[in-house]
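Reader: I've got a chain here that I'd like to talk through with you. Could you put it up, and then I'll fire off some questions?

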Amino acid sequence: MTISVVLSALFMAVLDSFIVVVADPSIVADLHASASDVQWVLAGYQLSYAVFIITATRLADLYGRRRVFLLGVALFTLSSVACALSPNAGSLIAARVIQGLGAALMVPQVFAFVTVLVPAARRHSVYGVVGIVMGMATIGGQLIGGLLIGANLFDSGWRLVFWVNVPIGTALFLLAVRYVPKTGSAATRKLDLPGVLVLSVALFLLVLPLIQGQEAGWPWWVWACFAGSAVAFGLFVAVERGLERRGGDPLVPLTLFKQRSFSLGIILVLALYALIYSYYLALSVTMQQGLGMSALGAGLVYAPAATAFFVFSMVASRIIPKYGRRVLEVGAIILASGYLAAGLLLVSGPRITPLLVIPALIVQSVGGGLVITPALNTVLSRVKPESAGVASGVLSTAQQCGGALGVAVIGAVFFGSFHPAAVGRAAAAGHAFAIASFGVFLIAVIAGVIVFLLPKRPASQV
């Protein structure tokens, strides 16, 4: 029951990264929000989520994972109420920032609970379920958002995508009080405050320009932030090494990165979440702004892909113990092929329609189910239980930073190729989506190369 409760919280947190994308046009119409406001509705959540995750994992080690998880669920649920009641864009953005903090408190505990509570022999199958949950929340976010907005219960419009969190979050809090055990790390002595400060600055300076750079036109301050982030990350490494030499308790033990499966796995997760976040954002804009589809219609385009992802994620979780890395290799090839096929099909000239896009989405989801689901197990399979919290925090940070990086790069490619005034919205969207597909294909190739460098067998078989 514990794993079911925490996985439900994970689904809710990941879903809220994507469900808002399909609600953007409704938010603009209702709140008279600007393009920048709408972007910050998404960015505020991502920024606070990414910056605070690793610190949240250490707080859980200090004060107990159950306590921090409950705090995260409560904060997420209450901020969802604030989102749903927001009278203007500014209050909605503020509530989304707080919601991101709640997600940061919840999500890393999920991976830590799995690592600590599930025996090693069964852990790969449970991580498979974790990957399925995250993938379904990612792919299904826009489908669920479209259904909710289309339902328009009580004339609530876009607000329903936040109201739906309230009963779910309340039920999860009550279930967690009863079923989630108290766990923590007895070895942790105190919070590494210098590490928290330096890492928070480094992540802020990295994620902020990734989120805002394209919208702002890549001005000088974006590049200054990137440079400052590199310096801050270098300082963080120096601070952590110094603390380790003095026998202290660093925020992130750098020895984690000596494990090839962990260090390569983190890069793989960065690449995978860069491509999936960016592609579905480009697809949503294409369907709604290019083809003029409703939120519900755009959401339904994802339904076949979501089904394919679920089925092949289940297949991956069953066959990975026998075939090991080979499953990821096949998945990576299929995934890249799906993006390449979409680009080749659309760049040749036919007017983009859902019927042209859906087959490519299904191919991508088949590959994604085979590679994204096992990737989580690859990252965490060899991590010791006492390091589970911080390792899961690094993993969650990689997911968010990867998503922000993908949206920044592919978003710039997509919007730089989207010129509706010249050829009309539908043709412009089709061309831009084709170019974006080629860009995502290159990221998928990078992910595939990393897959072939991973250990061949799961940790349980070594």
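Reader: Where along the chain does K190 sit?

Author: This is a predicted model, where local features need pLDDT of at least 70, side-chain atom pairs count only at pLDDT 80 or more, and totals for chains, interfaces and linings use all residues. Residues are numbered from 1 along each chain as its sequence is written, and side-chain values use heavy atoms, with hydrogens and water left out. Helices here are DSSP runs of H or I with at least four residues, strands are runs of E with at least two, and both are numbered from the N terminus. On that basis, K190 falls in the loop between α7 (165–179) and α8 (193–216).

Reader: Is K190 buried or exposed?

Author: Buried means under 20% relative accessible area, exposed means over 50%, and partly exposed is in between (1.4 Å probe, protein chains only). The areas come from the Shrake-Rupley method with a 1.4 Å probe, and for residues only the protein chains shown count as cover. K190 has a relative accessible area of 61%, so the label is exposed.

Reader: Which residues form the positive surface patch?

Author: Patch members have over 30% relative accessible area and no salt bridge; like charges are joined within 9 Å, nonpolar side chains (Val, Leu, Ile, Met, Phe, Trp, Tyr) within 5 Å. Lys and Arg count as positive, Asp and Glu as negative, and His and the chain ends aren't counted. Each charge is placed at NZ of Lys, CZ of Arg, CG of Asp or CD of Glu. The positive patch that comes out is K190, R241, R245, R246 and K258.

Reader: How many salt bridges are there?

Author: Side chains of opposite charge can pair when their charged atoms come close. The rule asks for a side-chain nitrogen of Lys or Arg within 4 Å of a carboxyl oxygen of Asp or Glu. Under this rule, the count is three.

Reader: R96 and D16 pair up, so how many residues apart in sequence are the parts they tie together?

Author: Their side chains meet in a salt bridge at 3.8 Å, N to O. R96 is in helix α4 (residues 89–117) and D16 in helix α1 (residues 2–31), so the pair links parts whose separation in sequence is 80 residues.

Reader: And what about the partner of R159, which residue is it, and is that one buried or partly exposed?

Author: R159 makes a salt bridge with D30, with the closest N and O atoms 3.2 Å apart. R159 is in the loop between α5 (120–151) and α6 (160–163) while D30 is in helix α1, so this pair ties together parts 129 residues apart in sequence. R159 counts as buried at 18% relative accessibility. The partner, D30, has a relative accessible area of 40%, making D30 partly exposed.

Reader: What separates R325 and E329 along helix α13?

Author: These two form a salt bridge, their closest N and O atoms being 2.7 Å apart. R325 counts as buried at 13% relative accessibility, and E329 is buried too, at 14%. They're four residues apart in helix α13 (residues 325–347), so the separation is about one helical turn.

Reader: How much accessible area does the nonpolar surface patch have together?

Author: One of its members, F310, is in helix α12 (residues 303–323) and counts as partly exposed at 40% relative accessibility. F310 is joined in the patch by V311, M314 and V315, and together their accessible area is about 290 Å².

Reader: How far is V366 from F310, C-alpha to C-alpha?

Author: V366 is in helix α14 (residues 354–380) and counts as buried at 14% relative accessibility. Along the chain, V366 and F310 are 56 residues apart, yet their C-alpha atoms are separated by 8.7 Å.

Reader: Which residue other than glycine has a positive phi?

Author: Look in the loop between α8 and α9 (220–245). The residue there is partly exposed at 28% relative accessibility. Its phi is near 50°, and the residue is W218.

Reader: Zooming out, what is the radius of gyration of the protein chain?

Author: The secondary structure comes to 17 helices and zero strands. The radius is taken over C-alpha atoms, and the globule rule is 2.2 Å times the number of residues to the power 0.38. For 462 residues that rule gives 23 Å, and the chain comes close to it, so it's as compact as a globular protein of that length, with a radius of gyration of 21 Å.
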